[in-house]
Amino acid sequence: MMRFNHIKRFLSAALLLTFMAPSGLSTAFMYNAANAETYTEAMTLAGDVRLTDKNEKITLSLRDSDVKQVLRMFADKAGMNVVFHKSVNGKVTLDMVDMPINDAFALVLQISGLNYYTQNNTLVIIAKSNVDNAAFSKQEMMVFPVKYVNAAKIADFLNRNVFGMKKTGLSGVDAATVNTATNELIVFGMKSDAAIVEKVIEQLDREPLTKTFIVNHTTPAEMANMICTMLLPSRGSSGSSEGGQAVNIPPTPGVGTTGGAAGIMTGGAAGSSETDELKLGEGVIACTVATSSAGSATAPFDVQNLSISYFPQRGTISLIGGSEAQMEMIERFIKANDVKQPQAYLEVSIVELTEEGSKAFSNSWNIDSKNWVFSFSADSTTVGRDGTQGQRYVTVPGPDGEDIIVPKSNNAYISWQLNYLIENRKARVLANPKVLITSGQESVIDLTQDYVEKVTSEFLSSTYTGGAGTGSVQRTYTIGKDQGIKIALTPFISPQGYVTMNIKPEYATIASQVTTPTETPGQDDLQATLLSRRNLDLKNVRIKDGETLAIGGLIQENDVKIVRKIPVLGDLPIIGAAFRSSDTTKSKSELVILLTPRIINDGEGAVADNL
């Protein structure tokens, strides 16, 4: 029976040691279930409880014993004095067999919710929750240098995750603060705090990882944007959900932006917002990945968040902070997406065929007598009495070929004049640009020209002399820029040798202009210019490599006929044609666009290699 009791005590002590952290600082290796081949070094957050340096082993068996008497026994064994704070009370029951005295002392304090402080050769025992812990824990000021991270972050981490947990043998109050001028960590506590603080600094104060990647076939800004908006959110780095990661993407950065989410990293002469200042190696922060805490019980340590920046002039993307796994993930993403973009050589032929024609038919009649003159046509009619000297004489050819003036006779002269004119004009406008297009990128062919859209006159001053007015006029001209042809196209070049394009041609010509009179006689202001437009918007037009796409049918026709006639006479059947005049104008124009793409094979990664 006695032997069974010894075995029972031994098993009880072993069970207690299993759940009790070992005294002092210790390190262990934790198995990582996510990767069977990876082990991470763990650090035990416990105070260095050192009642005696001998640390001899003891065997105890107590039932409902007053905790003060038990602790007084430990003090006697260590040869130390003991003082109990008024907050110390309670009973303990324990069975210990051959347990080191330091471990036994720490175990009793732990299960009783007590802490201890040493002053010379005296133990001061106090409840962990009592506010008087601050008076006993601040025994020494210890300064620890911090090299790479913000010392304030480590101080907050210690206060909340180490000292705030009120571990036995450690200060039970916020003992850590910082010297911001030197980035040093200052701890107001006990000597036993130094070991845990040094271990925490060793684990957290590490030089951040840095890596730079060169991009060859995309711009650094585009690649950095894909990493921030596509890769990181797809790996759980999006939003601000608890226990996850938040990707902070700054607004469109500008030179001189400081602080917060957006910033500029500049080198050399850069650093001012002046756009004409020389900038050397200018970089832009694309985004940062911040880890959010799963709860308020522990303080997150996020001073080495992953930050992604790019340098447009260098063609590089730089990473700082984060982990090796994040670096490798981003490196694989860049290698997979920084590939040559398919390109094609596009031949564009723009032809406008214009044909104009006009037909003019007119009649005019003149009756001339000695005293009367009568003339009429479709445009005007004149009736008058021949009462002047010039009207009573006519000029006729003489016998020698010279003109002579003779009096008019009493006879009347009638003349009929018939005019018939046909006019035809043809024109051809040709443009033949050749451009290089890239898959997925919009290209624009702009063949427009400027024109005067509107003119506004403003009279500044005026003077009048003898009824005539003079003055100065200021004219303001409004210039339009869209007369002519403009083609916007976005291609997609497939590995099968096809080019699919969104094509948007726009063609504008001046149709008419509207004028208004001004205060200056004979001068009009241009109030508006009306344009005639022919636009198309074609989607997903597919062309095979080397073939030609013809876009036609953009036809515009005008047919105008004007008839002028003498009243009554012009309405008579048959003979009324002799008293009518007509003008007929016809115009026709057709725009034809020819597109011929030729896919470029420029070596490795080109589309033509996969055909």
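1. Asp 193 is found in helix 6, which covers residues 191–204, and since the model is a predicted one, what follows should be read as a description of that prediction. The relative accessible area of Asp 193 is 0%, and the residue is therefore buried. A polar atom of the Asp 193 side chain lies 2.9 Å from the backbone nitrogen of Met 190. Leaving aside residues up to four places away in sequence, Asp 193 touches Met 142, Phe 163, Gly 169, Leu 170 and Ser 171.

2. Helix 6 also holds a salt bridge, in which the side chains of Glu 202 and Lys 199 meet at 3.9 Å, N to O; the cut-off for such a pair is 4 Å. The two residues lie three positions apart in helix 6, which is about one turn of the helix. Lys 199 has a relative accessible area of 16% and is buried, because the limit for that class is under 20%.

3. On the nonpolar interior, the largest core has 28 residues, and those with the most contacts inside it are Leu 71, Phe 74, Phe 105 and Ile 125. Two or more residues each are given to this core by strand 3 (57–66), helix 2 (67–78), strand 5 (91–100), helix 3 (101–112), strand 6 (114–119) and strand 7 (122–127). Helix 3 supplies the largest share, seven residues. Leu 71 touches Phe 84, Phe 105, Val 108, Leu 109, Leu 114 and Ile 125, with residues up to four places away in sequence not counted. A second core, separate from this one, has 23 residues and includes Ala 344, Leu 346, Leu 489 and Ile 493.

4. Three strands form an open sheet with mixed pairing, in the order 4-7-6. Strand 4 (81–84) and strand 6 stand at the edges with a single partner strand each, so one side of each has no neighbour in the sheet. On average, and with direction ignored, neighbouring strands of this sheet are turned by 25° against each other. Strand 6 and strand 7 run antiparallel and are joined by six bridges, and Asn 115 stands opposite Ile 126 in strand 7.

5. Helix 2 lies across strand 4, strand 6 and strand 7, and runs at about 155° to strand 4. Helix 3 also packs on the sheet, where it touches strand 6 and strand 7, and its direction makes about 130° with that of strand 6.

6. Turning to charged pairs, the count comes to nine salt bridges. Side chains of opposite charge can pair when their charged atoms come close. In one of these bridges the side chains of Arg 63 and Asp 95 meet at 3.1 Å, N to O, and the pair links distant parts of the chain, with Arg 63 in strand 3 and Asp 95 in strand 5, 32 residues apart. Arg 63 is exposed, with a relative accessible area of 54%, whereas Asp 95, at 16% relative accessibility, counts as buried.

7. Arg 533 forms a salt bridge with Asp 482, and the closest N and O atoms are 3.0 Å apart. This pair likewise links distant parts of the chain, since Arg 533 is in strand 27 (residues 524–535) and Asp 482 is in strand 25 (residues 468–493), 51 residues apart. Arg 533 is partly exposed at a relative accessible area of 47%, and Asp 482 counts as partly exposed at 31%. Elsewhere, Lys 211, Glu 331 and Lys 335 are linked in a network of salt bridges.

Key:
Residues are numbered from 1 along each chain as its sequence is written. This is a predicted model: local features need pLDDT of at least 70, side-chain atom pairs count only at pLDDT 80 or more; totals for chains, interfaces and linings use all residues. Side-chain values use heavy atoms; hydrogens and water are left out. A nonpolar core is a set of buried Ala, Val, Leu, Ile, Met, Phe, Trp, Tyr and Cys residues joined through side-chain atoms within 4.5 Å. Buried means under 20% relative accessible area, exposed over 50%, partly exposed in between (1.4 Å probe, protein chains only). Helices (H or I, at least four residues) and strands (E, at least two) are DSSP runs, numbered from the N terminus. Contact means heavy atoms within 4.5 Å. Two strands pair if DSSP finds at least two bridges between them. Axes are lines fitted to C-alpha atoms, for helices over the stretch in contact, and angles run from 0 to 180 degrees between N-to-C directions. A polar contact is a pair of N or O atoms within 3.5 Å; within protein, one must be able to donate a hydrogen and the other to accept it, and residues adjacent in sequence count only if both atoms are side-chain atoms.
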